[in-house]
Amino acid sequence: MNLTLTAQPRTELGKTVDRLRRQRGIPAVVYGHNLPSRPLTLEAGAFEAIFKQAGSTSLVDLKIGQVAPVKVLIHAIQRHPLTSRVIHVDLYQVKMTEKLEAEVTLNFIGESPAVKEQSGILIRSLDKFKISCLPADLVPSIDVDISVLKTFTDRIHVSDVPVPAGLTILVKADEVVASVTPPRSEAELASLSEKVEENIEAVEVEKKEKTEEEIAAESVAAAEPTAKETPAKPTK
């Protein structure tokens with residue numbers, strides 16, 4: 001699947017980019033290893049459509065003006081905190097013969113017997129792998145089959161996950177990716193409930209004691225004579 005993103009060279013810099021955003025443009029910059037950064041303008045609607053398909057781990061053909069397209073990754077985006085509208089984009093130009101590092105999402109597939117038949121709780125300890133590969137070998141996600149989790153002692157480690165050819169996983173091989181914990185027993189749930197009630201009672205007693213102490217202190221203060229205020233001395 002070839003995705004093409006069209007851009008134009010950008011002359012608006014600094015505060016003047018606000019006018020660009022009002023015209024449905026997105027200020028962007030493209031850079032790469034040993035390559036100078038270049039300011040660009042993207043059309044908002046076109047970029048959103050491409051980003052929805054490409055995410056941050058699919059190569060995109062970036063066409064700047066009339067120049068031949070170059071391969072880029074959508075490296076980072078900034079969104080408006082209130083409207084979630086994209087307000088800036090960083091594009092990374094790759095060299096097809098040079099390895100890069102990226103984070104690839106884990107896609108959990110299948111059904112765990114420990115969850116389905118024993119009501120266990122699936123624990124996903126990792127949701128991404130940091131990987132190294134040539135740009136052409138980059139994939140949008142890596143599948144993790146959880147059907148091997150048949151008991152509460154089973155574990156899926158990084159070394160157990162099959163990865164596509166060309167990818168090097170930059171995560172420790174013995175790190176746990178997924179496991180299943182047993183459900184809480186009725187006794188454990190009852191014990192937790194009792195602890196909550198005990199804590200509530202302790203707080204109420206503490207508040208009551210504190211109130212009585214405050215009342216006693218106020219009574220003592222009321223019985224003492226009020227100190228006279230010392231008039232301020234005039235400055236000479």
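Leucine 134 is partly exposed in this predicted model, because its relative accessible area of 30% falls between the limits of 20% for buried and 50% for exposed residues. The residue is located in the loop that lies between strand S9 (128-133) and strand S10 (141-145). When neighbours within four places in sequence are set aside, leucine 134 is in contact with Met96, Thr97, Glu98 and Lys99. Its C-alpha atom is 8.0 Å from that of leucine 167, with a separation of 33 residues in sequence.

Leucine 167 also appears in the surroundings of isoleucine 131. Apart from neighbours within four places in sequence, isoleucine 131 is in contact with Leu100, Glu101, Ala102, Val104, Leu138, Leu167, Thr168, Ile169 and Leu170.

Isoleucine 131 is a member of the largest nonpolar core, which has 26 residues. Together with Leu106, Phe129, Ile142, Ile156 and Val177, Ile131 touches the most other members of this core. Strand S7 (100-109), S9, S10 and S13 each contribute at least two residues to this core, and the largest share, five residues, is supplied by S7. A second core, separate from this one, comprises 20 residues, among them Leu3, Val30, Ala44 and Leu62. In soluble globular proteins, nonpolar side chains tend to be buried together.

One sheet of the model is open and consists of three strands in the order S8-S13-S11, paired in antiparallel fashion. Strand S8 (121-124) and strand S11 (155-157) are at the edges; each has a single partner strand, so one side of each lacks a neighbour in the sheet. On average, neighbouring strands of this sheet are turned by 10° against each other, with direction ignored. S11 and strand S13 (residues 176-181) run antiparallel and are joined by three bridges. Which residue in S13 is the bridge partner of histidine 157? The partner is valine 176.

For the protein chain as a whole, the computed totals are as follows.

| Property of the protein chain | Value |
|---|---|
| Secondary structure elements | four helices and 13 strands |
| Share of the 236 residues that count as buried | 30% |
| Accessible surface | about 16,000 Å² |
| Share of the accessible surface belonging to carbon and sulfur atoms | 54% |

The contacts of the protein chain can also be described by sequence separation. Among those between residues at least 6 apart in sequence, 63% join residues at least 24 apart.

How values were computed
Residues are numbered from 1 along each chain as its sequence is written. This is a predicted model: local features need pLDDT of at least 70, side-chain atom pairs count only at pLDDT 80 or more; totals for chains, interfaces and linings use all residues. Side-chain values use heavy atoms; hydrogens and water are left out. Two strands pair if DSSP finds at least two bridges between them. Axes are lines fitted to C-alpha atoms, for helices over the stretch in contact, and angles run from 0 to 180 degrees between N-to-C directions. Buried means under 20% relative accessible area, exposed over 50%, partly exposed in between (1.4 Å probe, protein chains only). Contact means heavy atoms within 4.5 Å. A nonpolar core is a set of buried Ala, Val, Leu, Ile, Met, Phe, Trp, Tyr and Cys residues joined through side-chain atoms within 4.5 Å. Accessible areas come from the Shrake-Rupley method with a 1.4 Å probe; for residues, only the protein chains shown count as cover.
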